[in-house]
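Q: Please take a close look at one part of this structure, the packing of its helices in the core, and explain how that part fits into the whole.

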Amino acid sequence: MSGLLRLYPRAWRARYGAELDELVAHRPLGISGSIDLFRGALDAHRHPELVDPAAVDRAAGLAAVSPERYEDLRVARRLGLASWLGAVLWIAGWVIAANGPIVIDGDGGYRDGGAGLPFVLLAMALLAVGLIGQMIRIPNRARVARVGALVAIVAGPVWGLGPWVLPLGIAALAGIVVFALSAWRAGQWGVGAALAIVGPTLGGAAIIGWALTAYDGDRLSVLNPMLLAVVAFTPIWLVVGATLQSLPALAEPGDGADGMVGEVVSA
Amino acid sequence: MNRGLTEFGRFAEPTLYILVSLSDGPKHGYAMMTDVEAVTGEPLGPGTLYGALARLERRGMIEALEPENRRRPYKLTALGATTLRTQLEGLAGFTRLGLARLGGSAG
């Protein structure tokens, strides 16, 4: 598939992607064609209503659900928006913390990042809100995923109270990784979403581990790699929020939807 | 109800071209693109083509048929044919008026 076609919304690609791909394969785009396709992708994002809802459901791997279940998923979607806000606060908190005043004590100097801590705490709380949305969305049978999410929901905000307590951070990150992988294994998440969390999370954790070893005792110099790790963790909030945004179709009376949390019909 | 093509905004002209292209039978995207280019002399970009197709399909003016390999043909619906006829008659009237005035002023 052409790289430009990937700019189209998922539902749009599900409905028109193969045709567009075939067309592009037979007719080289050139510059004007590429610009036209780019504009088409922007238009598709602006007008998602143009795609038949049935195609949206197929793209999201969702089958029609009962009105009650639909309302639950709408709530979960709003919780996903909170997770996105958390990403902003996460970055903001660490930027504020990294620019705090330098304090000199008996062991040398360090940045007093206290001003950023409320942002970090709120970011972790909002991630927990997003994960609660995931708990609403994923089926009960995905037990390992639910346990992973629960661990992160509890450990994350507690870690936000004291980000220097690394075991709590490790527990939160481990819970998130377990959740992402299990959600993928259970067919609730695509492999792309799972990898978008697992990869950066493990990468960020590796950076922290390396930095703590390489800059042992140098509390000022260790900030730069720490900030890199902070940025690496940001996709967690974004993916948790994004995977809550698609809604299935509302079941028509008599079509057999039973409101179970098993809407996903394909990964 | 025939609401015309003006509601399609910048896609109004491409949708008219597509409806004309489909007026002699079903076509898939590539065939429409080459047909429109042959008729108008201007290439129709793939993003514009499928933006217009989606709008026409959503409004029920065209209908997707079963795909042939990866190509999906589209056909004109009754609503699409009515809309096209109305548009072309409007354009024809406008053309007649313009030519009449031009002829009057030239004479």
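A: The answer below starts with the chains, then turns to the core and the helices that build it.

This is a predicted model, in which local features need pLDDT of at least 70 and side-chain atom pairs count only at pLDDT 80 or more, while totals for chains, interfaces and linings use all residues. Residues are numbered from 1 along each chain as its sequence is written, and chains are lettered from A, with ligands numbered from 1, in the order in which they are written.

Chain A holds ten helices and two strands, where helices (H or I, at least four residues) and strands (E, at least two) are DSSP runs numbered from the N terminus. Their order from the N terminus is α-α-α-α-β-β-α-α-α-α-α-α. Of the 267 residues in chain A, 40% are buried, a residue being buried if 20 or more other C-beta atoms, placed from the backbone, lie within 10 Å of its own. Two residues are in contact if their C-beta atoms, placed from the backbone, lie within 7 Å; among the contacts in chain A with a separation of 6 or more, 72% join residues 24 or more positions apart.

The largest nonpolar core, meaning a set of buried Ala, Val, Leu, Ile, Met, Phe, Trp, Tyr and Cys residues joined through C-beta atoms within 7 Å, has 50 residues. Those with the most contacts inside this core include A:Ala123, A:Leu127, A:Ala180 and A:Ile236. At least two residues each come from α4 (67–98), α5, α6 (143–161), α7, α8, α9 and α10 of chain A, and α5(A) gives the largest share, ten residues.

Helix α5 (residues 117–137) of chain A and helix α10 (residues 235–242) of chain A have axes that come within 9 Å and cross at roughly 35°, the axes being lines fitted to C-alpha atoms over the stretch in contact, with angles running from 0 to 180 degrees between N-to-C directions. The crossing of α5(A) and α10(A) is left-handed, which is the term used if the near helix is turned anticlockwise from the far one by less than a right angle. Here A:Leu127, A:Gly130, A:Leu131 and A:Gln134 of α5(A) meet A:Ile236, A:Trp237, A:Val240 and A:Gly241 of α10(A). The contact of α5(A) with α10(A) has five nonpolar, three polar and no charged residues, with Ala, Val, Leu, Ile, Met, Phe, Trp, Tyr, Cys and Pro counted as nonpolar, Asp, Glu, Lys and Arg as charged, and the others, Gly among them, as polar.

A:Leu131 and A:Gln134 are also among the residues touched by A:Ala149, together with A:Met135, A:Gly175 and A:Phe179, when residues up to four places away in sequence are not counted. A:Ala149 lies in helix α6 of chain A and is buried, because 27 other C-beta atoms lie within 10 Å. The C-alpha atoms of A:Ala149 and A:Gly175 are separated by 5.8 Å, although these residues are 26 residues apart along the chain.

Helix α8 (residues 191–214) of chain A has buried residues that pack against α7 (166–185), α9 (223–233) and α10 of chain A. The buried residues of α8(A) include A:Ala194, A:Ile197 and A:Val198, and A:Ala180 is in contact with these three as well as with A:Trp189, leaving aside its neighbours within four places in sequence.

How values were computed
A residue is buried if 20 or more other C-beta atoms lie within 10 Å of its own, exposed if 12 or fewer, and partly exposed in between; C-beta atoms are placed from the backbone.
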